[in-house]
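Me: I have a model open on my screen and would like to learn how to read its strands and helices. Could you walk me through it?

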Amino acid sequence: MRKMPTPPTIPTATVRPILDMNAYDGQVSAKANQGNDLLMRRTRNVGAASVLFYRDPIEMVAASGCWMTASDGTNYLDFYNNVPSVGHCHPKVVSAMADQAARLNINSRYLHQTTETYLDRLKATFPDHLENVVLTCSGSEANDLALRIAQRGTGARGIIVTECAYHGNTATVTDISPSAFKRGELPDHVVCVPAPSKLAYGDDVAGGFADAIVKAIAVLSDRGHGIAALIVDSIFSSDGVFSNPRGFLRLAVAVVHRAGGLFIADEVQPGFGRAGDAFWGFLRHDVTPDIVSMGKPMGNGFPMAGIAVRPELLAAFCEDVGYFNTFAASPVAAATGLAVLDVIRDENLLANAMICGKYLREGLQHLADIDGRISDIRGAGLFLGVDLSPNGAPGDASGQLVGDVINAMRRHRVLIGAAGKYGQTLKIRPPLCLRQSEVDFFIEALGKSLRECG
């Protein structure tokens with residue numbers, strides 16, 4: 001077995017839970033936000049579970065395309081929000097949703113033409129062996145169901161994830177989401193491995209990642225759990241965005257299959273054409289998932305999610321408990337989802353993700369040539385990760401610098417998020433309808449923000 005490179009030691013870096021990145025901290029920021037009645041109402045109503053963006057939270061009142069409008073009239077370019085992926089309040093999606101709601105909205109235990117039309121269209125985007133689709137209302141529900149099916153199908157319990165993964169917030173899915181943990185440890189049946197980065201595995205990312213999976217399977221076997229599944233977000237969003245080289249997942253998936261486990265491709269983040277060169281992230285790696293989970297962009301803001309699954313796995317699961325979701329396969333959900341698929345096709349959004357993504361990378365590289373603190377640029381299509389390091393060293397993580405830049409960009413009317421173990425990565429996910437003039441606006445704002453945070 002190949003010897004793994006030793007990851008760099010970063011004594012000053014602080015691990016950042018995903019919900020703490022670019023977040024309003026009520027204790028630190030309360031004084032600055034005194035007099036904000038809406039914020040105080042939110043805090044009273046939601047309590048400790050309230051999660052808001054930015055040190056000074058924003059009240060939004062409208063949105064269209066790639067832009068959002070705040071209550072003070074400021075227009076912000078949205079480079080973060082993966083939910084309205086075909087554009088905020090897209091008129092075709094809104095119309096389809098409203099028209100169906102005005103005619104009929106019932107639960108999923110009645111037949112309806114639109115629902116079956118949608119499922120047929122959605123299935124056509126998957127490999128033939130994924131013959132069944134089960135709809136849910138959220139990505140968390142989809143991943144929860146995927147895990148239960150995998151454990152029933154294999155008779156094993158062990159799950160392998162990456163060390164900064166986030167797969168949702170049900171009890172089962174939180175257990176496999178290391179980046180959600182503020183304290184405590186992963187349960188015994190879950191083993192995490194480093195994300196597929198050069199920092200962790202050197203130049204042989206594919207081989208190094210596969211070797212890490214071999215070791216994780218051995219750990220699960222020693223603990224008596226066996227291997228039920230490897231589940232990864234196929235663009236490794238929360239880990240910091242790792243999409244290349246294309247095909248690096250093949251060796252790891254083959255290892256899992258040989259050991260009797262399943263591969264679950266979590267497409268909640270990269271699905272529906274975001275990578276530009278493929279409708280689903282796993283297609284970029286020429287791998288065969290046993291289950292695919294999807295969500296967020298599926299309804300462009302309407303709560304839709306689901307899984308595509310091998311029928312024999314679903315049949316075995318349904319022998320025990322079955323599955324039913326009142327709202328997920330409603331006619332309104334189906335009409336909304338169908339409209340999203342139509343917009344992706346009719347507006348050539350995959351091609352746009354490729355073209356604008358390339359233009360965006362060129363702009364980022366130009367900035368990197370000027371400012372050495374941009375230490376790495378990764379990603380595919382319109383899903384990019386940009387590492388910021390004070391001294392330009394790839395291993396010198398700086399969540400503080402990223403946080404400062406994010407809030408500076410807000411002043412320059414651009415919304416953006418963070419990712420990575422230390423929050424050291426700018427996470428870039430604009431709507432797929434992005435125009436090159438909006439890329440120019442973003443690059444100018446990032447350049448100004450970096451200079452201000454010098």
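Reply: Happy to; we will go through a strand, a helix and a sheet in turn. Keep in mind that this is a predicted model.

Me: Let's begin with strand S9. Which residues of S9 lie on one side and which on the other, and are they buried or exposed?

Reply: The general idea is that side chains in a regular strand alternate between the two faces of the sheet. In S9, residues 291-294, Ile 291 and Ser 293 point to one side, while Val 292 and Met 294 point to the other. All four are buried, and both faces of S9 are covered.

Me: In which sense does S9 pair with strand S8, and over how many bridges?

Reply: S8 (residues 262-266) and S9 pair in the parallel sense, over three bridges. To find your way there, look for Asp 266, which stands opposite Ser 293 in S9.

Me: And in which sense does S9 pair with strand S10?

Reply: That pairing is antiparallel, with four bridges between S9 and S10 (residues 305-309). Here Ile 291 has Val 309 in S10 as its bridge partner.

Me: Now helix H12. How far apart should its ends be?

Reply: Count 1.5 Å a residue: the 22 residues of H12 (residues 349-370) should span 32 Å. The end C-alpha atoms are 31 Å apart, which agrees.

Me: Which residues of H12 are buried?

Reply: Buried here means under 20% relative accessible area. The buried residues of H12 include Leu 349, Ala 353, Cys 356, Leu 360, Leu 364 and Leu 367. The buried set covers an arc of only 145 degrees around the axis, which puts these residues on the same side of H12. On the face turned away from that side you will find the exposed residues Ile 355, Lys 358 and Asp 369.

Me: What covers the buried residues of H12?

Reply: Among the elements covering them are helices H11 (331-346) and H14 (436-452), together with strands S11 (374-380), S12 (383-388) and S15 (425-428). H12 lies across those three strands, S11, S12 and S15, and runs at about 170 degrees to S11.

Me: In what order do the strands of that open sheet come?

Reply: The order is S11-S12-S15-S14, four strands with antiparallel pairing. S11 and S14 (417-419) each have a single partner strand, so one side of each is left without a neighbour in the sheet. Ignoring direction, neighbouring strands are turned by 30 degrees against each other on average.

Me: Which residue stands opposite Gly 385?

Reply: Lys 427 in S15. S12 and S15 pair in the antiparallel sense over four bridges.

Definitions and conventions
Residues are numbered from 1 along each chain as its sequence is written. This is a predicted model: local features need pLDDT of at least 70, side-chain atom pairs count only at pLDDT 80 or more; totals for chains, interfaces and linings use all residues. Side-chain values use heavy atoms; hydrogens and water are left out. Buried means under 20% relative accessible area, exposed over 50%, partly exposed in between (1.4 Å probe, protein chains only). Helices (H or I, at least four residues) and strands (E, at least two) are DSSP runs, numbered from the N terminus. Two strands pair if DSSP finds at least two bridges between them. The expected span of a helix is 1.5 Å times one less than its number of residues. The arc is that of the directions from the helix axis to the C-beta atoms. Contact means heavy atoms within 4.5 Å. Axes are lines fitted to C-alpha atoms, for helices over the stretch in contact, and angles run from 0 to 180 degrees between N-to-C directions.
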